[in-house]
Amino acid sequence: MEIGAYSFGDTQLNPDGSSRSTTEAIKNLFDAIVHADKVGLDYFGVGEHHTVSMPASSPGAIIAAAAAATTRIKLGSAASIIGTDDPVRVFQQFATADAISGGGRIEITAGRGSSVETFPLFGYDLNDYDELYAQKLDLLLALNNSATENVTWTGTARPSLPQLDVVPRPVQGQLPIWIATGGSAPSSARAGRLGLPLAYAIIGGQPHRFAPLANLYRQSAAQAGHTGENIKVSVATFGLVAPTKKEAVERMYPGWVNLNVEMGRLRGWPAPQRASYLAQVDAPNAYYIGDPDDVAERIVDLHRHLGHMRHFFQGDHGGLPQEHLLESITLLATEVKPRVERLLAAK
Amino acid sequence: MSTHNDPIIGILGAGRVGTAIARQAIKAGYRVRIATAQPAADNALLVDIVTPGAIAVEASEAAAADLVIVAIPLHKYRTLNPDDLAGRVVIDVMNYWAPVDGVFDDFERDARTTSEIVAELLGQSRVVKTLNHIGYHELEDDDKPAGHAERRALALAGDDAAAKALVAEFIDRLGYDAVDAGPLAAGRAFQPATEIFTGSHQAAGLRALLRGASGLTAAA
């Protein structure tokens, strides 16, 4: 089981509630990735988000920098909002990071994004949402599957590629390309039919209820003739680890409030309630906030339902102090992962 | 208990909302048919695994059910076939939520509720707005038997009394008290960002909120 982290960037707040700089947030994110590599975390996912509070807008740039500053950790987008980006540029950026990393550590996760802020930002029409995503994913896969630099692709969401060179190629010929979904059944079936690995973002409810979706994904893959190591599931959830559960719960809470106040202002939600936070921090609910024993046991319990091979966590939002993020990453790598491996071996 | 007098439930859309309603309806003993924009055969595996007990059908067949639930993304509402849905009782569970789904001119330029806009497109359908103001996680968790002291209530709005009676019975069988909000336009009181939409209410509290909302409308 791989254990990881992901972040959209987390802009720190001043005591009066105003935002500190987004530059600082990017530097903190970079530092966290370097730290994660040092302590032995398996994976770090970056962005894509385009808000002041979460400014990791350019996963390719952060990952290229991190590729040079790390030696072991796998790095990927979480996710690249492919419908409103140019798949050629995304592929080139990640293949470039792959070259810098030495090869075999760089991944792309393609997703639709949980919000639609990239449509006005990059000048796309929301009415084209599905078509843009389908065509651009098709192009990204065509680029990745190409045997040579010279690529031909025909479509309407972007100019066609008539035998044009797209460089560089990945070190190992291809990059792992994952599909991200918040857990809709048709998306699960589609990823299976495409034979691509699937990343579930589970941000509420009870994660074990994704079991039928993971089953649908695997059976859809099998029905389409896809087998082997590309058929696998990863899970992204909220999570923060501290020496004690009490500390973890208290460390995450202020950021959770800030995030929900911001979202609530935008979406018309009522003020966040501590009770609804506390209702989600224990098994079998969706916030993996606890001490190493608690979080490890819950990962293994979820594994019984989903059979996932990677679980990665977002703890930094709403201005989580950087030292708490770094300590959580350390504990994930050095305390949670060994416990998970022990528990899985004992099953 | 299922009987052959029970209405057959047709669901258009197999996303998180459509599949949650399907499972809850099956639990309540209904026969459920599910369709998407894809051919039925493409959805067979999905339906078997995610909503066991339901049957994957073509969209026209789901639209021919006694009670049709439209659970597609609202911005795709123009893909609905008014001829297929003519004369049917249609539950509109869709929401316009620009901060999440983006801005669409159809709903920005028109002051009416989204359900009235949908009803106008469908023309001959008897549209009832409900089930839009309960989360898909909650729908399968919050159900309680009739008469339970803590039973959650859901509002419904529509212009056809017989259609509303059918939908009210459906809501009750799903495990919720049904509270009549009035005509379809009264659904404004439980669109996104309203207190009814963002909260969880029992029948008495829901009626009070609906009275407050209609008072505001009358005063405006």
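**Sheet, core and interface of the two-chain model**

In this predicted model, eight strands of chain B form an open sheet of mixed pairing, in the order β3-β2-β1-β4-β5-β6-β7-β8. The edges are occupied by β3 (55-56) and β8 of chain B; each has a single partner strand, so one side of each lacks a neighbour in the sheet. At the β8 edge, strand β7 (residues 153-158) of chain B runs parallel to strand β8 (residues 177-182) of chain B, and 5 bridges join them. The chain passes from β7(B) to β8(B) through helix α9 (residues 161-174) of chain B, and this β-α-β crossover is right-handed. Two of the bridge partners in β8(B) can be named: B:D180 is the partner of B:L156, and B:G182 is the partner of B:A157. Strands of a sheet pair through backbone hydrogen bonds, in either a parallel or an antiparallel sense.

The largest nonpolar core comprises 162 residues, of which B:L12, B:I34, B:V68, B:I69 and B:V70 touch the most other members. Helix α11 (residues 322-346) of chain A gives the most to this core, with 7 residues. The surroundings of B:L12 were examined further. Residues up to four places away in sequence aside, B:L12 touches B:A35, B:A59, B:A62, B:A63, B:V68, B:I69, B:V70, B:A71 and B:I72. Three of these, B:V68, B:I69 and B:V70, are themselves listed with B:L12 as touching the most other core members.

Chain A contains 11 helices and 12 strands. Its radius of gyration is 19 Å, which agrees with the value near 20 Å that a compact globule of 347 residues would have. Along the principal axes, the C-alpha atoms of chain A fill a box of roughly 60 × 50 × 40 Å. Of the 347 residues in chain A, 48% are buried. Among contacts in chain A between residues at least 6 apart in sequence, 74% join residues at least 24 apart.

One such long-range pairing is found at A:G45, a residue of strand β2 (residues 43-46) of chain A. A:G45 counts as buried because 30 C-beta neighbours lie inside 10 Å, where 20 or more are required. The C-alpha atom of A:G45 is separated by 4.8 Å from that of A:G76, 31 residues away along the chain. Apart from neighbours within four places in sequence, the contacts of A:G45 are A:G4, A:Y6, A:G76, A:S77, A:A78, A:T109 and A:F312.

The contact between the chains takes 24 residues from chain A and 20 residues from chain B. On the side of chain A that touches chain B, α6 (185-194), α7 (211-223) and α8 (245-267) of chain A each supply at least two residues. The most comes from α7(A), with 7 residues. By class, this side of chain A has 12 nonpolar, 11 polar and 1 charged residues.

Helix α6(A) is mostly covered, with 8 of its 10 residues buried. These buried residues are A:A185, A:P186, A:S187, A:S188, A:A189, A:R190, A:A191 and A:G192. Within chain A they pack against β8 (177-181), β9 (198-202) and α7, and in chain B against α1 (16-27) and α2 (40-50). The buried residues of α6(A) thus have packing partners in both chains. After α6(A) comes A:G195, whose phi is positive, near 70 degrees.

Conventions. Residues numbered from 1 in each chain as written. Chains lettered and ligands numbered in written order. Predicted model: local features only at pLDDT ≥ 70, side-chain atom pairs only at ≥ 80, totals over all residues. Pairing = 2+ DSSP bridges. Helix = DSSP H or I, 4+ residues; strand = E, 2+ residues; numbered from the N terminus. Right-handed = clockwise from strand over helix to strand, strands pointing away. Buried ≥ 20, exposed ≤ 12 C-beta atoms within 10 Å, placed from the backbone. Contact = placed C-beta atoms within 7 Å. Core = buried A, V, L, I, M, F, W, Y, C linked by C-beta atoms within 7 Å. Rg over C-alpha atoms; globule rule 2.2 N^0.38 Å. Nonpolar A, V, L, I, M, F, W, Y, C, P; charged D, E, K, R; others polar.
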